[in-house]
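Hi,

Here is the structure I promised to pass on. Have a look at it first, and then read my notes below.

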Amino acid sequence: MNLAKVVGTVVATRKEQSMEGLKFLVLQNVDLDGNPRDGFVVAADAVGAGVDEIVLYATGSSARQTVMTDKRPCDAVVMAIVDNWETGGDFMYKKGVND
Amino acid sequence: MNLAKVVGTVVATRKEQSMEGLKFLVLQNVDLDGNPRDGFVVAADAVGAGVDEIVLYATGSSARQTVMTDKRPCDAVVMAIVDNWETGGDFMYKKGVND
Amino acid sequence: MNLAKVVGTVVATRKEQSMEGLKFLVLQNVDLDGNPRDGFVVAADAVGAGVDEIVLYATGSSARQTVMTDKRPCDAVVMAIVDNWETGGDFMYKKGVND
Amino acid sequence: MNLAKVVGTVVATRKEQSMEGLKFLVLQNVDLDGNPRDGFVVAADAVGAGVDEIVLYATGSSARQTVMTDKRPCDAVVMAIVDNWETGGDFMYKKGVND
Amino acid sequence: MNLAKVVGTVVATRKEQSMEGLKFLVLQNVDLDGNPRDGFVVAADAVGAGVDEIVLYATGSSARQTVMTDKRPCDAVVMAIVDNWETGGDFMYKKGVND
């Protein structure tokens with residue numbers, strides 16, 4: 001999984017029928033300091049994530065292992081909202097503190 | 001999923017039999033400003049996208065989760081035509097305005 | 001799918017038994033002008049492609065969606081021989097003309 | 001599979017229900033000398049790995065081939081803790097010696 | 001598939017139970033001249049490859065399409081030992097000659 005920040009949303013009315021009802025989020029990848037790093041992706045939302053939240057997303061066939069994305073042409077899904085992470089014993093990010 | 005612009009088409013008469021009837025689109029990846037960024041891909045079209053439209057495409061096994069691509073050797077599919085996206089509360093792209 | 005030129009062949013007599021009978025092609029990726037770009041891959045041939053032909057290849061599990069590659073440890077397959085492609089209304093490549 | 005060092009953990013209370021009970025590890029990729037190299041990933045833990053251990057992780061659908069990750073939206077899993085590796089006849093890393 | 005040279009082995013006693021008995025090889029990617037190029041990977045061995053041999057390996061779900069790797073958390077497998085390859089009508093590598 002990768003760490004990313006929700007930075008926006010995509011609207012698409014003409015789409016594969018099975019994609020109806022899914023929300024598309026624009027995700028900016030972040031590094032271990034929580035800063036933006038190269039690359040963004042558009043992912044379906046399986047957990048009700050909001051703009052500015054830091055999330056985990058899964059890609060590939062694993063992105064279809066949720067009730068919302070099962071058997072759909074979806075290759076990226078937000079499957080967790082991050083509370084915090086630590087490396088080297090230090091909190092590098094805490095939700096509500098580093099946002 | 002990734003954002004891309006449809007910039008062309010590929011014709012291939014000799015192909016795996018199961019690929020008959022599929023339309024191959026040339027997709028140029030775009031960044032969050034809608035400008036071209038490195039990399040292009042050839043994708044099957046599942047939504048009737050046309051040249052110059054901005055689309056979402058899915059890759060890998062997820063590209064086979066449409067009626068048109070099911071069980072075919074297809075690893076990229078256009079599964080939505082983008083109306084708009086916004087980041088930071090601003091519309092970065094609106095179909096018909098930024099084209 | 002990606003555009004590539006068939007530039008060679010690989011011979012391997014000791015291999016997974018299920019790979020018997022498959023032809024391995026060396027593919028050089030090409031850009032939209034038909035020029036070589038970074039990266040090559042070895043793919044199984046599902047369409048009888050020959051050296052110097054421009055082809056489309058699929059990767060990942062989609063590479064197993066042909067009769068020749070079904071259930072085999074094969075992650076890239078040539079599934080179409082390209083006749084031509086156009087971008088911006090111009091033919092960028094025509095088989096027999098730009099070769 | 002890739003070699004990586006466990007450098008931290010991620011906590012996420014709001015997540016896809018099927019991800020309950022999984023531990024998320026932050027993995028820093030390492031080169032063949034055991035030094036950090038570009039890129040990190042967040043992986044589920046299937047073997048009880050601890051911080052500072054060198055591990056092997058698998059990605060994609062293969063990351064779901066463990067009891068803990070089966071049918072879950074998980075695209076990376078730690079599936080082995082490394083004791084040592086050698087290249088050119090020399091041990092490049094030995095657990096407990098090069099840590 | 002990719003071309004690589006077997007440059008070493010990895011030992012891991014604590015691992016997912018299903019991985020018991022598999023041999024882990026360190027593979028250095030090679031270019032079409034047989035020289036090392038960026039990147040290495042750890043792959044399971046399905047063909048009895050030895051150090052210094054040039055091999056083909058498959059990744060992703062295709063890496064599980066061998067008897068030895070079926071249903072295991074393994075995302076890369078050596079599935080062939082290369083005898084030779086040619087590009088432009090010239091042998092670029094012959095086993096036993098260019099090693």
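What follows is a short tour of how chain B meets its two partners, chain A and chain C.

One thing to keep in mind from the start: this is a predicted model.

Let's begin with how the copies are arranged. If you turn chain C by 72° with 0.0 Å of shift along the axis, it lands on chain B with an RMSD of 0.0 Å. That is how copies around a five-fold axis are related. Chain A can likewise be laid on chain B by a turn of 72° and a shift of 0.0 Å, again with an RMSD of 0.0 Å. The surfaces in play are not shared, though: just 4% of the contact residues of chain A recur in chain B. For chain C and chain B, only 3% of the interface residues of chain C are also interface residues in chain B, so these copies meet through different surfaces.

Now for the A–B side. On chain A, 27 residues are in contact with 30 residues of chain B. About 2200 Å² is buried between chain A and chain B, and carbon and sulfur atoms give 53% of that. Which residues of chain A lose the most area to chain B? They are A:Arg14, A:Phe40 and A:Asp75, which together make up 29% of what that side buries.

How many salt bridges are there between chain A and chain B? The count is zero. Polar contacts do turn up, with 15 residue pairs across the interface of chain A and chain B, both residues at pLDDT 80 or more. On the chain A side, S1 (2-11), S2 (14-15), S3 (24-30) and S4 (36-45) are strands that each supply at least two residues touching chain B. By class, that side of chain A splits into 15 nonpolar, five polar and seven charged residues.

There is strand pairing between these chains as well. S2(A) is joined by two bridges to strand S6 (residues 76-81) of chain B, and the two run antiparallel. A:Arg14 comes back here: its bridge partner in S6(B) is B:Ile81. So when you look for A:Arg14, you will find a residue that is among those losing the most area to chain B and that also takes part in a bridge.

On to the C–B side. Here the contact takes 30 residues from chain C and 27 residues from chain B. The area buried between chain C and chain B is about 2200 Å², with 53% from carbon and sulfur atoms. C:Met1, C:Gln65 and C:Met79 lose the most area on the chain C side, together 29% of what that side buries.

Across the interface of chain C and chain B there are zero salt bridges, while 15 residue pairs are in polar contact, both at pLDDT 80 or more. The strands of chain C that each give at least two residues to the side touching chain B are S1 (2-11), S5 (54-59), S6 (76-81) and S7 (84-87). That side of chain C holds 15 nonpolar, ten polar and five charged residues.

Which way do strand S1 (residues 2-11) of chain B and S7(C) pair, and over how many bridges? The pairing is antiparallel, over four bridges. For one of the partners in S7(C), look at C:Trp85, which bridges to B:Val10.

Happy browsing!

How values were computed
Residues numbered from 1 in each chain as written. Chains lettered and ligands numbered in written order. Predicted model: local features only at pLDDT ≥ 70, side-chain atom pairs only at ≥ 80, totals over all residues. Heavy atoms only, no water. Contact = heavy atoms within 4.5 Å. Buried area = accessible area lost by both parts, 1.4 Å probe. Salt bridge = Lys/Arg side-chain N within 4 Å of Asp/Glu carboxyl O. Polar contact = N/O pair within 3.5 Å; in protein donor to acceptor, adjacent residues only side chain to side chain. Nonpolar A, V, L, I, M, F, W, Y, C, P; charged D, E, K, R; others polar. Pairing = 2+ DSSP bridges. Least-squares fit on C-alpha atoms with pLDDT ≥ 70 in both.
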